[in-house]
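User: I would like a close look at a single part of this model, followed by a connected account of its surroundings and of the rest of the assembly.

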Amino acid sequence: SNDAENTAAHHRNTLQFNTYSHRKQLFSVCVTLSEATEEVSLDSPERQPILSDGPSPVITPVTPVMISSRADVFDRSPDQDEDEEENRDTFDIQISVSDPEKVGDGMNAYMVYKVLTKTSLSIFSRDEVCVKRRFSDFLGLHSKLASKYMHMGYIVPPAPEKSIVGMTKVKVGKEDLSSVEFVEKRRSALERYLLRTVKHPALLKDPDVLQFLESSELPRAVSTQALSGAGILRMVNKAADAVNKMTIKMNESDAWFEEKQQQFENLDVQLRKLHASVESLVCHRKELSVNTASFAKSAAMLGNSEDHTALSRALSQLAEVEEKIDQLHQDQACADFYLISELLGDYVRLITAVKGVFDQRMKTWAKCQDAQVMLQRKREAEAKLQHANKPDKLQQAKDEIREWEGKVQQGERDFEQISKNIRREVGRFEKDRVKDFRVVIIKYLESLVHTQQQMIKYWEAFLPEAKAIA
Amino acid sequence: MTSISEDSDKEKVRSVSVDLNNDASLVIDIPDALCERDKVKFTVHTKTTLSSFQKPEFSVPRQHEEFIWLHDTIVETEEYAGLIIPPAPPKPDFEGPREKMHKLGEGESSMTKEEYAKMKQELEAEYLAVFKKTVQVHEVFLQRLSSHPIFRKDRNFQIFLEYDQDLSVRRKNAKEMFGGFFKNMVKSADEVLISGVKEVDEFFEQEKTFLLDYSSKIKDASAKAEKMTRSHKNVADDYNHISGALNSTAADNNTAFKKTISVCVLQKLEDRVASDQELKLTELLRYYTRDIQAAKDLLYRRARALADNENSNKALDKARLKGKDIAQAEENQKQCLQKFDKLSESGKKELTSFKARRVVAFRKNLIEMTELEIKHAKNSVSLLQGSIEILNSN
């Protein structure tokens, strides 16, 4: 059917990665994939920040003031969102991140990437836009989105990770294979990040996202630096959150949430394990490739030494076959990595984001509880003042009661809304996950088929040579 | 205790060596073996029409040390100096599986029940593979002897096959071990000798050049092939872990994952099988590395005989000059010459048939390996495509 074709085309185009064109540059060295850590690492010392970059990316506490300023997004009707879901099958936007270019040199250098957006959606001003962005721009975008949407229960796709080691090598100007690999890995990760972000119906319409994709000049995101004031605040808040998590004991009235949270905990563990296994596979396959190449050379020398003519020729042919197979192993390792390993890494980070929204819900509930406690206190205070003769204070008390009644109501509404949002988000996430994995697994199987078919070709060509030994 | 019974799978000859004469008058095989802790007990089974044996069919239990005894006595037999002595079978090496078993025991607590069972299965398969390999290599040794017109008549060989009591092979005492060591030293001195001695015979000159070079090349190729096979095994192991991990995520009720598991399992199987093919290659190269060494040993012995011959000539000249002990020197010279001629003659025959044997063995094994690679790759493709279809249709 047409829809299926479109979806398939959509996935093919958007989750595209040029594994075969990159193979020559990559993978002659077994790169340890230990860069995928969750630590906050230092980015390079940036150049002088010029302006502040708009809404602070730091976690914003939920206050009534904040809520009302985001009223439009917050109050969007759920039906609207459902419609987005329907329309996603005719979702038409392609994003590619390409052409990494080094700007500057020494420790002040950075990479700039070309971000090309092709779309027929009307919210974009043109149907083809090309802009230049650097890594901290992506981080800045994510920061903004997280601060705007996470507390409402939206699962905001996490940005790719920083890496001191990787970037330092690139800055220092080493044109070696590991820095080429690093840049390619990052480029691919940035592309996947943008695609996931625009797949989210709310985020697609976000002005920050549109600005990121379209505007030629983007104010520098300086607060993404780890040691900036914002960075420090971020770390403090992270710690505070961790403490809060331990102290909040939520009375879960909704079994769905409890179940889901447990599910995600389990999934987290399993995916990490799987990821580790796949990383091991990639490493071993690269080793296999190296050893096959080494054997090929040795077989060639043996063939040269062999004094029986036909056997000598056969051994030389064997060496050639093994060389070709080595190339196959390299390509397969590439596929292993870019298709499976990176996908798993992405999902491990996504699940962290999912767990984050569950935590937000808990915080919202806590706020609601606090408001209720406060209201109770105010009521008690008012009751006391009823019998004292202080009309001003009584009035004030009554006003405060009204204020806190409002907060309680708002808190309950918030809680209801975030619960509803999370249900929808989780549903969307799970659908996407199944689709994502299925598409990638099919692609991976196809790569395996291709490898095996090539093997058949090579061995079938060799067989007559072996038979010709007389 | 593990026991293994070979059936007519033998026909597919896992053996890498080939017999050029299909003589049924003396047929030897190792139909089964027992493994007790460190010791392997092979059952050596003989069927013969030769009258020199007491019975037409019989079996005896033998251990690895007894094979080595047999090999050593043959090497030390002066008469056989002009023959290529079939290389001794290497000691059964269960180090690999044993290490794995140890790891399995240690990691038991951190694995799921299924993973553990799977790894245990893997381990048993590997154990079995090592076992089969060692049986094969001991069998080939005996078959080389039985198919050789001269070795098959060796008295010690017959004792080995027939004597149903324990051969009581003494452990080498210190003197003998030192003697053996000394012999090896002499051998390396021979290597210098071999290249130093002036060769008059064109055939041997060529063989010398060829064998010296080929020997180092095949040793290298054998080592590299082993490394390649090991990497392949690692990849297969990884797929094993991956399928285990996917298994647990499939509790998601997602059929896509379930299909992936079956795919991973079969990819693992394929990798295993592919590595079995490579093993054929590795075994072939390993065996011929040893065989080439045996051929080199023959050259050493001949070179030594040549040197002895030259020395005896010199001694005779000196004796004639001095005028005393001439008869003795003449006798010595005659013997050395005889020995040298005999060695050269049989050596030439042996080396020629060795080359023929080698070429045929390579051909056979390369063809078998290639055909198996093709078969398994085709299997892989059809299974993978089947899975892709299922996933696409969901």
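At which residues of chain A does UniProt place the feature "coiled-coil region"?

Analyst: The UniProt record, an unreviewed entry, places the "coiled-coil region" at residues 394-421 of chain A. In this predicted model, that stretch is 100% helix and 0% strand, and 40 Å separate the C-alpha atoms at its two ends.

The setting of this segment is a chain with 14 helices and three strands. Chain A has 470 residues, of which 52% count as buried. Among its contacts with a separation of 6 or more, 79% are between residues 24 or more positions apart. The area that chain A exposes is about 22200 Å², with carbon and sulfur atoms supplying 54% of it.

The nonpolar interior comes next. In soluble globular proteins, nonpolar side chains tend to be buried together. The largest nonpolar core of the model comprises 101 residues, and A:Leu271, A:Trp459, B:Leu285 and B:Phe362 have the most contacts inside it. Both chains take part: at least two residues each come from α12 (255-305), α13 (309-387) and α14 (391-467) of chain A, and likewise from α6 (202-249), α7 (255-322) and α8 (326-393) of chain B. The greatest contribution is that of α13(A), with 27 residues. There is also a second, separate core of 38 residues, which includes A:Met111, A:Leu145, A:Leu203 and A:Leu210.

B:Leu285 illustrates how the chains meet. Leaving out residues up to four places away in sequence, B:Leu285 touches A:Phe295 and A:Leu302 from the partner chain, and B:Ile218, B:Ala221, B:Ser222, B:Ala225 and B:Phe362 from its own. A:Glu279 is a residue of helix α12 of chain A. With a relative accessibility of 22%, above the 20% limit for burial, A:Glu279 therefore counts as partly exposed. A:Glu279 and A:Gly345 are 66 residues apart along the chain, and their C-alpha atoms are separated by 10.0 Å.

Chain B has a secondary structure of eight helices and four strands. Read along the sequence, its order is β-β-β-β-α-α-α-α-α-α-α-α. Of its 394 residues, 47% are buried, and residues 24 or more positions apart supply 75% of its contacts with a separation of 6 or more. Chain B exposes about 20400 Å², to which carbon and sulfur atoms contribute 53%.

Two histidines and a threonine give a view of chain B in finer detail. B:His45 belongs to strand β3 (residues 39-48). Its relative accessibility is 17%, under the 20% limit, so B:His45 counts as buried. The side chain of B:His45 makes polar contacts with two acidic side chains: that of B:Asp29 at 2.7 Å and that of B:Glu57 at 2.8 Å. Beyond its neighbours within four places in sequence, B:His45 is in contact with these two residues and with B:Val27, B:Ile28, B:Pro31, B:Phe58 and B:Ser59. B:Arg302 is 257 residues away from B:His45 in sequence, and their C-alpha atoms are 35 Å apart in space.

B:His64 sits in helix α1 (residues 64-75) of chain B. At a relative accessible area of 9%, B:His64 is likewise buried. Its side chain forms a polar contact of 2.9 Å with the side chain of B:His138. Residues up to four places away in sequence aside, B:His64 touches B:Val40, B:Phe42, B:Pro89, B:Pro90, B:Lys91, B:Pro92 and B:His138.

Several of these partners recur around B:Thr134, a residue of helix α3 (residues 113-147) of chain B. B:Thr134 is buried, with a relative accessible area of 6%. Sequence neighbours up to four places away excluded, B:Thr134 touches B:Phe42, B:Pro90 and B:Pro92.

Confidence remains to be considered. The model scores ipTM 0.84 and pTM 0.76. Chain B has a mean pLDDT of 80, and 79% of its residues reach 70 or more. Over residues 1-14 of chain B, pLDDT stays under 50, although the model has 31 contacts beyond four places in sequence for this segment. Where pLDDT is low, the predicted coordinates should not be read in detail.

Methods
Residues are numbered from 1 along each chain as its sequence is written. Chains are lettered from A and ligands numbered from 1 in the order in which they are written. Side-chain values use heavy atoms; hydrogens and water are left out. Buried means under 20% relative accessible area, exposed over 50%, partly exposed in between (1.4 Å probe, protein chains only). Contact means heavy atoms within 4.5 Å. Accessible areas come from the Shrake-Rupley method with a 1.4 Å probe; for residues, only the protein chains shown count as cover. A polar contact is a pair of N or O atoms within 3.5 Å; within protein, one must be able to donate a hydrogen and the other to accept it, and residues adjacent in sequence count only if both atoms are side-chain atoms. UniProt positions are given in the numbering used here, feature names are shortened, and annotations may be inferred rather than shown by experiment. A nonpolar core is a set of buried Ala, Val, Leu, Ile, Met, Phe, Trp, Tyr and Cys residues joined through side-chain atoms within 4.5 Å. pLDDT is the predictor's confidence in each residue, from 0 to 100.
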